Amino acid sequence: VNEAVRADSMKNDIIVYGAVLAIAGLQILLAYAGGTFGHHVIEMLGLATVQAALGILFCMHLFREKKLLVLTLILSPLLMLLLMNAFWTDSFRIIQMRPWAN
Amino acid sequence: LEDTLAQADIIVGDEEHYERSPLAIPSKKLAMWLFIIADTITFGAFFVGYGFLRNASTNWPTPFLFSPSIINVMLMTFILATSGLAMSLAERKSRAGDKLATLKWTFLTVSLGLVFAVLHTREWFGLMHEGMTISHNPWGSGLFGATFFSITGLHLMHVIGGAIALSVVALGYRRGRYNSTDVEIWTLYWHFVELVWMFVVPMIYLMNIKR
């Protein structure tokens with residue numbers, strides 16, 4: 001890893017630290033603001049994903065690694081997490097107490 | 001040598017017989033990344049399970065008041081994020097070869113992690129005192145306790161385990177048993193624990209606030 005990049009890393013860490021805390025504060029404000037439950041879920045998950053992306057790229061320094069590693073590390077869990085969403089339809093079926101076939 | 005060269009530049013043995021690492025990172029670091037992927041999927045499964053049950057329940061409780069619950073969560077978030085910054089400083093010091101500073105910053109991280117664990121445990125006991133168990137609570141669906149304690153418990157276990165691992169690595173680094181790569185690897189783990197908390201807060205606490 002390039003030493004010049006390393007020298008700049010603490011500045012990045014402090015900026016990310018501030019951004020993560022600011023986003024956490026924003027989440028609390030949004031939680032008490034009006035809006036539907038679905039709207040809140042999207043807002044919260046979206047902001048948490050931004051926090052995670054900042055942390056992974058800059059605090060865990062993934063942006064410095066080879067593209068092959070970055071793709072491996074991001075795409076494989078992302079695919080698994082997306083596949084888990086197949087269960088949601090059943091969750092809605094339970095609350096309505098009827099199978100989709102009906 | 002390991003501290004000054006990228007892994008791709010380190011060839012073990014005869015270059016003709018050993019190919020360069022395609023991912024260009026030390027094996028131990030790759031192992032930690034693979035563990036982080038596996039753990040991400042584990043937490044993902046817990047969150048999907050929680051969302052599934054929350055969505056399918058008509059009487060899901062929303063028990064968290066701004067004071068003390070959300071204030072406590074804000075404090076815990078601040079402590080965990082600060083511990084992540086302290087660990088980044090420890091990693092930086094270990095790369096510079098400053099053993100004493102590495103030890104100092106790592107133990108600040110561990111201390112903050114333990115404060116986080118104490119605050120979390122105190123919150124658990126507060127909820128238990130109000131009648132919440134893993135299968136029952138006075139506010140609504142009993143599944144709330146099961147999901148709350150399992151997700152926050154799994155995270156808490158990671159914090160405590162991480163604090164122990166960081167202590168071992170920091171002391172080992174001071175004695176010369178471990179090198180800066182080991183400190184870097186456990187820094188990755190600690191940041192991962194910090195990032196998981198960033199999902200726990202909105203999904204478990206902020207989506208269940210009492211209005």
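This is a chat about a predicted model with a chain A and a chain B, and about how they touch.

Visitor: Hi! Where do I start: how many residues does each chain put into the contact?

Guide: Chain A brings 50 residues to the contact, and chain B brings 49 residues. Keep in mind that this is a predicted model.

Visitor: OK, and what area gets buried between chain A and chain B?

Guide: About 4,400 Å² is buried between the two chains, and carbon and sulfur atoms give 75% of that. On the chain A side, A:Tyr17, A:Tyr32 and A:Met60 lose the most area to chain B; together they make up 16% of what that side buries.

Visitor: How many salt bridges are there between chain A and chain B?

Guide: The count there is one salt bridge. A:Glu65 pairs with B:Lys29, and their closest N and O atoms are 2.7 Å apart. There are also four residue pairs in polar contact across the interface.

Visitor: Which elements of chain A give two or more residues to the side that touches chain B?

Guide: Those are helix H1 (3-7), helix H2 (9-32), helix H3 (37-59), helix H4 (67-84) and helix H5 (88-96) of chain A. The residues on that side split into 34 nonpolar, 10 polar and six charged.

Visitor: Back to salt bridges. How many over all chains?

Guide: The count comes to five. In one of them, A:Glu65 sits in the loop between H3 and H4 of chain A while B:Lys29 is in helix H1 of chain B, so this pair joins two chains.

Visitor: Are A:Glu65 and B:Lys29 buried or exposed?

Guide: Both are buried. For B:Lys29, the relative accessible area is 6%.

Visitor: Which other side chain meets B:Lys29 in a salt bridge?

Guide: That's B:Glu184, at 2.7 Å from N to O. B:Glu184 belongs to helix H5 of chain B and B:Lys29 to helix H1 of chain B, so the pair ties together parts that are 155 residues apart in sequence. B:Glu184 has 11% relative accessibility, so B:Glu184 counts as buried.

Visitor: And what does B:Arg95 form a salt bridge with?

Guide: B:Glu91 is the partner, with the closest N and O atoms 3.9 Å apart. The two are four residues apart in helix H2 of chain B, so about one helical turn separates them. B:Glu91 counts as buried, at 6% relative accessibility. Salt bridges that share partners join A:Glu65, B:Lys29, B:Glu91, B:Arg95 and B:Glu184 into one network.

Visitor: While we're in that helix, where is B:Ser94 and what does it touch?

Guide: B:Ser94 is in helix H2 (residues 66-95) of chain B. Leaving out residues up to four places away in sequence, B:Ser94 touches B:Thr102, B:Tyr173, B:Ser180 and B:Val183.

Visitor: Why does B:Ser94 count as buried?

Guide: Because its relative accessibility is 1%, and buried means under 20%.

Visitor: Changing topic: how many aromatic pairs are there?

Guide: A search of the whole structure finds 16 over all chains. Take A:Phe58 and A:Phe63: their ring centres are 5.2 Å apart and their planes are at 45°, so that pair is tilted. A:Phe58 is partly exposed at 27% relative accessibility, and A:Phe63 is partly exposed too, with 39%.

Visitor: What about the rings of B:Tyr50 and B:Trp60?

Guide: Their centres are 6.0 Å apart and their planes are at 65°, so the pair is edge-to-face. B:Tyr50 lies in helix H1 (residues 27-56) of chain B and B:Trp60 in the loop between H1 and H2 of chain B, so the pair ties together parts that are 10 residues apart in sequence. B:Tyr50 and B:Trp60 are both buried.

Visitor: Which residues do ring pairs link into a cluster with them?

Guide: The cluster holds B:Tyr50 and B:Trp60 along with B:Phe64, B:Phe116, B:Trp124, B:Phe144, B:Phe148, B:Phe149, B:Trp197 and B:Tyr205.

Visitor: Last one: what does B:Asn208 touch?

Guide: Not counting residues up to four places away in sequence, B:Asn208 touches several, among them B:Tyr50, B:Trp60, B:Phe64 and B:Phe144. The side chain of B:Asn208 also makes a polar contact with the side chain of B:Arg54, at 2.8 Å. B:Asn208 is in the segment after helix H5 (180-205) of chain B, and with 0% relative accessibility B:Asn208 counts as buried.

Terms used: Residues are numbered from 1 along each chain as its sequence is written. Chains are lettered from A and ligands numbered from 1 in the order in which they are written. This is a predicted model: local features need pLDDT of at least 70, side-chain atom pairs count only at pLDDT 80 or more; totals for chains, interfaces and linings use all residues. Side-chain values use heavy atoms; hydrogens and water are left out. Contact means heavy atoms within 4.5 Å. Buried area is the accessible area (1.4 Å probe) that two parts lose on being put together, summed over both. A salt bridge is a side-chain nitrogen of Lys or Arg within 4 Å of a carboxyl oxygen of Asp or Glu. A polar contact is a pair of N or O atoms within 3.5 Å; within protein, one must be able to donate a hydrogen and the other to accept it, and residues adjacent in sequence count only if both atoms are side-chain atoms. Ala, Val, Leu, Ile, Met, Phe, Trp, Tyr, Cys and Pro count as nonpolar, Asp, Glu, Lys and Arg as charged, and the others, Gly among them, as polar. Buried means under 20% relative accessible area, exposed over 50%, partly exposed in between (1.4 Å probe, protein chains only). Rings of Phe, Tyr and Trp (its six-membered ring) pair if their centres lie within 6.5 Å; planes under 30 degrees apart count as stacked, over 60 as edge-to-face and the rest as tilted.
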